[in-house]
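Please take a moment to look over the sequence and the structure shown below. The paragraphs that follow lead you through the model step by step.

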Amino acid sequence: MNIQAPVKVDKAERMRRAREEAYATPLSQFHPGAPRLFQDDTLWPWFERLRNEEPVHYCTNAPIEPYWSVVKYNDIMHVDTNHGTFSSDSTLGGISIRDVPPGYDYPSFIAMDQPRHSSQRKTVSPMFTPTHLDELAKLIRQRSQTVLDNLPRNETFNFVERVSIELTTQMLATLFDFPWEERRKLTRWSDVSTALPKSGIVASAEERRREMDECYAYMSKLWNERVNSAPRNDLLSLMAHNDATRHMDPDNLMGNIILLIVGGNDTTRNTMTGSVLALNENPEQYDKLRANPELIDSMVPEVIRWQTPLAHMRRTALQDTEIGGKQIRKGDRVVMWYVSGNRDDEMFDRPNEFIIDRPRPRTHLSFGFGIHRCVGMRLAELQLKIVWEEMLKRFDRIEVVGEPKRIYSSFIKGYETLPVRIPG
């Protein structure tokens, strides 16, 4: 039974209502960072209107402190590449729209300014060299083959759980040299570390604290083992045997560990799921890919643009400045909406369409730019490329047979479930 058509009708009606609401709401009442817009996938007309009418917008209508939204590609690039004017420092609020809650302000290199940022970032970069990626590719392919060969036929299953989480968690376990049988702890810690209070992932702040304390205790034990043993080729060992990170205080250690867990989990996991959804919503593109599998090379960056797994990054102004004719004051929060910049029609032709042979597909903003550009972006691309090479070898089609369930977050743009079926 094909139940895709009702899903499309429901989505069309939902988007009609969202557009009506977005264009009826005064700009002064906009809160583009409201998590419900992302969970319902109704964010698009809100950001469309901001791009057209007020591309640098000051929000005072939110349950958090006021913030600036920057929604156009070139303005986002300006903020992202001017780290002397716009700070990522966790002591000023960090990298997400909400200030880091007290007790969770673990400083990581993504939430540091120069010179500390680069010195710590460089310690883990050997993990992502072309030579090492060539070695990881063999492992990724072997694991992808095993996971895909064990998927059921002619029955509905959750692609997020069976494929996206499993493959990304296996890779995380390898990157950290983490005990294999307990690797799902990494996924859980990633989810908990970015969860909002209303997300349902944890029941209370106390529960969240307990789980993050468990992460801290577990990873500290592994850290101490790596410090006191010969250097190995994993992220913990790389940091443990480099002078820039060997003597990190406990909070800095925890910050970098959480950063690497989340970075290794969310981008790949949610884009992998998003790729299946995108191809089902655009069947002519799926047919194009099946007819020419070499298009995987351009499809991967296109789906990273289309999905934008990290919806925003926040900065704090270090001085009075100007963006798009608006006066930004020292201390103001400035939110770069990558998810909006990736739909900017001044930068992308037909930006709301998913086009797997789009020219110059890597011009998207999803990995950021400047000194904070994602250190593991080539690994993320590699995982997506290989899993699609292996899926095309095995399956004529993976059918989405119901609505995806998206997470409650305007930071991580991801999925809890995606019901799919592989015809026998």
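Which residues form one aromatic cluster with Trp337? The cluster is made up of Phe38, Phe47 and Trp337. As you look for these residues, keep in mind that the model is a predicted one.

Trp337 belongs to a strand that is a good place to continue, since strand β8 covers residues 333-337. This strand pairs with β2 in the parallel sense, over three bridges, and within that pairing the bridge partner of Trp68 is Val334 in β8. Strand β2 (residues 67-70) also pairs with strand β1 (residues 56-59), here in the antiparallel sense and over four bridges, with Cys59 standing opposite Tyr67. In general, strands of a sheet pair through backbone hydrogen bonds, either parallel or antiparallel. Both faces of β2 are covered, for Tyr67 and Ser69 are buried on one side, while Trp68 and Val70 are buried on the other.

A further sheet can be found elsewhere in the chain. It is an open sheet of three strands in the order β4-β12-β9, and its pairing is antiparallel. The edge strands, each of which pairs on one side only, are β4 (156-158) and β9 (399-400). Three bridges join β4 to strand β12 (residues 419-421), and Phe157 stands opposite Val420 in β12. Helix α7 lies across β4 and β12, and this helix runs at about 45 degrees to β4.

Helix α7 (159-176) also leads on to a group of helices, for it is among the elements that cover the buried residues of α8, together with α9 (205-227) and α12. In helix α8, which spans residues 184-194, the buried residues are Leu186, Thr187, Trp189, Ser190, Asp191, Val192 and Ser193. Trp189 has a relative accessibility of 1%, and therefore counts as buried, the limit being under 20%. Tyr218, at 17%, is buried as well, because its relative accessible area also falls under that limit of 20%.

How are the rings of Trp189 and Tyr218 arranged towards each other? Their centres are 5.7 Å apart and their planes stand at 65 degrees, so the pair is edge-to-face, since planes over 60 degrees apart are counted in that way. The pair links distant parts of the chain, with Trp189 in helix α8 and Tyr218 in helix α9, 29 residues apart. It is one of 11 aromatic pairs that the structure holds.

Aromatic rings also meet charged side chains in this model. The charged end of Arg183 sits over the ring of Trp180, 4.4 Å from its centre, and Arg373 lies over the face of Phe369, at 4.4 Å from the ring centre.

Finally, consider the interior. In soluble globular proteins, nonpolar side chains tend to be buried together. Here the largest nonpolar core has 67 residues, and those with the most contacts inside it are Phe176, Phe178 and Met219. Helix α12 (residues 250-281) gives the most to this core, contributing eight residues. Leaving aside residues up to four places away in sequence, Phe176 touches a set of residues that includes Met219, Leu235, Leu236, Ile257, Leu260 and Ile261, and that also includes Arg226 and Asp234. Apart from this largest core lies another one, of 40 residues, among them Val276, Ile296, Val400 and Leu418.

Note on methods. Residues numbered from 1 in each chain as written. Predicted model: local features only at pLDDT ≥ 70, side-chain atom pairs only at ≥ 80, totals over all residues. Heavy atoms only, no water. Core = buried A, V, L, I, M, F, W, Y, C linked by side-chain atoms within 4.5 Å. Buried < 20%, exposed > 50% of the residue type's maximum accessible area, 1.4 Å probe, protein only. Helix = DSSP H or I, 4+ residues; strand = E, 2+ residues; numbered from the N terminus. Contact = heavy atoms within 4.5 Å. Phe/Tyr/Trp six-rings, centres within 6.5 Å; stacked < 30°, edge-to-face > 60°. Lys NZ or Arg CZ within 6 Å of the ring centre and 35° of its normal. Pairing = 2+ DSSP bridges. Axes fitted to C-alpha atoms, helices over the stretch in contact; angles between N-to-C directions.
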